[in-house]
Amino acid sequence: MNTNLNYMKFNTKAIHGGQQHEPATGAVMPPVFQTSTFAQTSPGVHSGYEYSRAANPTRTALENALASIENGARGLAFSSGLAATDCVMKLLKPNDEVIAMDDLYGGTYRMFSRIYSHFGIKFHFVDMNDLDKFKSLFNENTKLVWVETPTNPLMKLADIEAIAAICKEKQVLFAVDNTFATPYLQQPLNMGADIVMHSATKYLGGHSDVIAGALVAKTEELGEKLHFAQFATGATLGPQDSYLVLRGIKTLHLRMQRHCENGQKVAEYLEQHPAVGKVFYPGLESHPYNSIAKKQMKGGFGGMVTFTFKSGKKEDSIAFLERVKVFTLAESLGGVESLANHPALMTHASIPEENRKALGITDDMVRLSVGVEDIDDLIADLEQAFNA
Ligand code: P1T
């Protein structure tokens, strides 16, 4: 069976997209090819695989699945989400400029502001909803636009189609970190983006058992450039971890459905709770970008919910996080189990305090990754943590 067929619907692609039964044995799942190298019959004559940094059959199976679910020409699997982002940065040269969304995962902001800015690359951080301001930042050195949508942790949205149209006109590459939405809800390449990036550690893997990253390029040509940068610098995903992410993708559509249902209910519960200040969830009518969410996210709004306390007190958020029991206080997100996080002290601590304040990442803010447990148990857990 060759399933590189684009007519399939998403739920079928999640299971079969880009997959073939293993030719030697018919194994339905690809074996974990735990090998660094491959025998050649004569120098340079081989099966298509030479050395696992260049390609490994288990990783190829995952990369084909990634390309299929994001509707791209080429998928690449990395040793982490940040390694995937890092690979995109390697397309740039000194004096190039990047326009990035102002709210980003703390580690992405750290890489841009404390690693690549030292190599002569200039970054502009902007709220992409101010399209006039966004447009005013382009000049002849602008080479890349980088967007997360929804963003981590403020759940801001960027209008992918509108930004893609501007990038196309200016002939600038447009990359979207699709970690929070996943291709189940949102397919940026179909809306005009050139590159999709994932922390595959999150929903794609789905079980909190692997650190992994992914890129999907819209064209073969761009995919080849990214593969060259990956091969030349080495942050590839190992075969065992490739297998785990591939297995995760096969249930992505099932998990996302429940993440969305539970996320919506938790957001609605929080919105009416007297101790809660603001709730940030794109599926709420009160969310400032609810109309963009409805336009570009299909089938729900995901499992990430951020909120603040009406008191505005950091101590209230800390006490709450110490009391949750079904939710685990931990970094990361997107696994089957619910997690709770304090952005200012944990995932976004690397963003300077004044920038956090300006963005609205306050010290009383809690971010929930709502898992796929029974919703009654999740709400009861939040209730006891508020009440204790
Ligand atoms: O952790 P890693 O697989 O390297 O992925 C980095 C990354 C990139 N993009 C987004 C939107 C992310 O959320 C992350 C990782 N985020 C967390 C660990 C977190 O708890 O927010």
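**Entry 1: the loop after S4**

I started with Met-155, which turns out to be buried, at a relative accessible area of 1%. (Buried means under 20% relative accessible area, exposed over 50%, and partly exposed in between, with a 1.4 Å probe and protein chains only.) Before going on, I noted that this is a predicted model: local features need pLDDT of at least 70, side-chain atom pairs count only at pLDDT 80 or more, and totals for chains, interfaces and linings use all residues. Residues are numbered from 1 along each chain as its sequence is written, and side-chain values use heavy atoms, with hydrogens and water left out.

Back to Met-155: its phi is positive, about 60°, although it is not a glycine. I found Met-155 in the loop between S4 and H6. (Helices are DSSP runs of H or I with at least four residues, strands are runs of E with at least two, and both are numbered from the N terminus.) The loop's two ends are strand S4 (142-148) and helix H6 (160-170), and Pro-150 lies in between.

Which residue is joined to Pro-150 by a cis peptide bond? I looked, and the partner is Thr-149, with omega about -10°. Then I met another cis bond, joining Asn-152 and Pro-153 with omega about 10°. Pro-153 also sits in the loop between S4 and H6. I wrote myself a reminder: most residues other than glycine have a negative phi, and most peptide bonds are trans.

Ser-208 gave me a further positive phi in a residue other than glycine, near 50°. I place Ser-208 in the loop between S6 and strand S7 (213-217). Is Ser-208 buried or partly exposed? It counts as partly exposed, at 44% relative accessibility.

**Entry 2: around the ligand**

I went to the ligand next and found 19 residues surrounding it; the closest are Asp-177, Ser-199, Thr-201, Ser-332 and Arg-367. (A residue is near a molecule or strand if one of its heavy atoms lies within 4 Å of it.) By class, the shell has six nonpolar, eight polar and five charged residues. (Ala, Val, Leu, Ile, Met, Phe, Trp, Tyr, Cys and Pro count as nonpolar, Asp, Glu, Lys and Arg as charged, and the others, Gly among them, as polar.) Helix H3 (81-89) and strand S6 (195-199) each supply at least two residues of that shell.

I looked up polar contacts too (pairs of N or O atoms within 3.5 Å). Asn-152, met above at a cis bond, has a side-chain N or O atom 2.9 Å from an oxygen atom of the ligand. A polar side-chain atom of Asp-177 lies 2.7 Å from a nitrogen atom of the ligand. For Arg-367, a side-chain N or O atom is 2.7 Å from an oxygen atom of the ligand. How much of the ligand's accessible area does the protein cover? I read 94% of the 480 Å² that the ligand has on its own. (These areas come from the Shrake-Rupley method with a 1.4 Å probe; for residues, only the protein chains shown count as cover.)

**Entry 3: S12 and its sheet**

Arg-367 led me to strand S12 (residues 365-369), where five of five residues are buried. Met-365, Arg-367 and Ser-369 point one way from S12, while Val-366 and Leu-368 point the other way. That fits a rule I know: in a regular strand the side chains alternate between the two faces of the sheet.

I traced an open sheet of five strands in the order S8-S9-S12-S11-S10, with mixed pairing. (Two strands pair if DSSP finds at least two bridges between them.) Strands S8 (276-280) and S10 (328-329) stand at the edges with a single partner strand each, so one side of each is left without a neighbour in the sheet.

S9 (residues 304-309) pairs with S12 in the antiparallel sense over five bridges, and Thr-308 stands opposite Met-365. S11 (residues 339-341) and S12 are antiparallel as well, over three bridges; here Leu-339 stands opposite Ser-369. S10 and S11 run parallel, joined by two bridges, and Thr-328 stands opposite Leu-339.

**Entry 4: aromatic rings**

Last, I searched the whole structure and got 15 aromatic pairs. (Rings of Phe, Tyr and Trp, the latter by its six-membered ring, pair if their centres lie within 6.5 Å; planes under 30 degrees apart count as stacked, over 60 as edge-to-face and the rest as tilted.) The pair Tyr-269 and Phe-386 is tilted, because the planes are at 50°, with the centres 6.4 Å apart. Tyr-269 is in helix H10 (residues 252-271) and Phe-386 in helix H14 (residues 375-387), 117 residues apart. Both are buried. I also noted a cluster that ring pairs build from Tyr-109, Phe-112, Phe-123, Phe-125 and Trp-146.

Definitions and conventions
A polar contact is a pair of N or O atoms within 3.5 Å; within protein, one must be able to donate a hydrogen and the other to accept it, and residues adjacent in sequence count only if both atoms are side-chain atoms.
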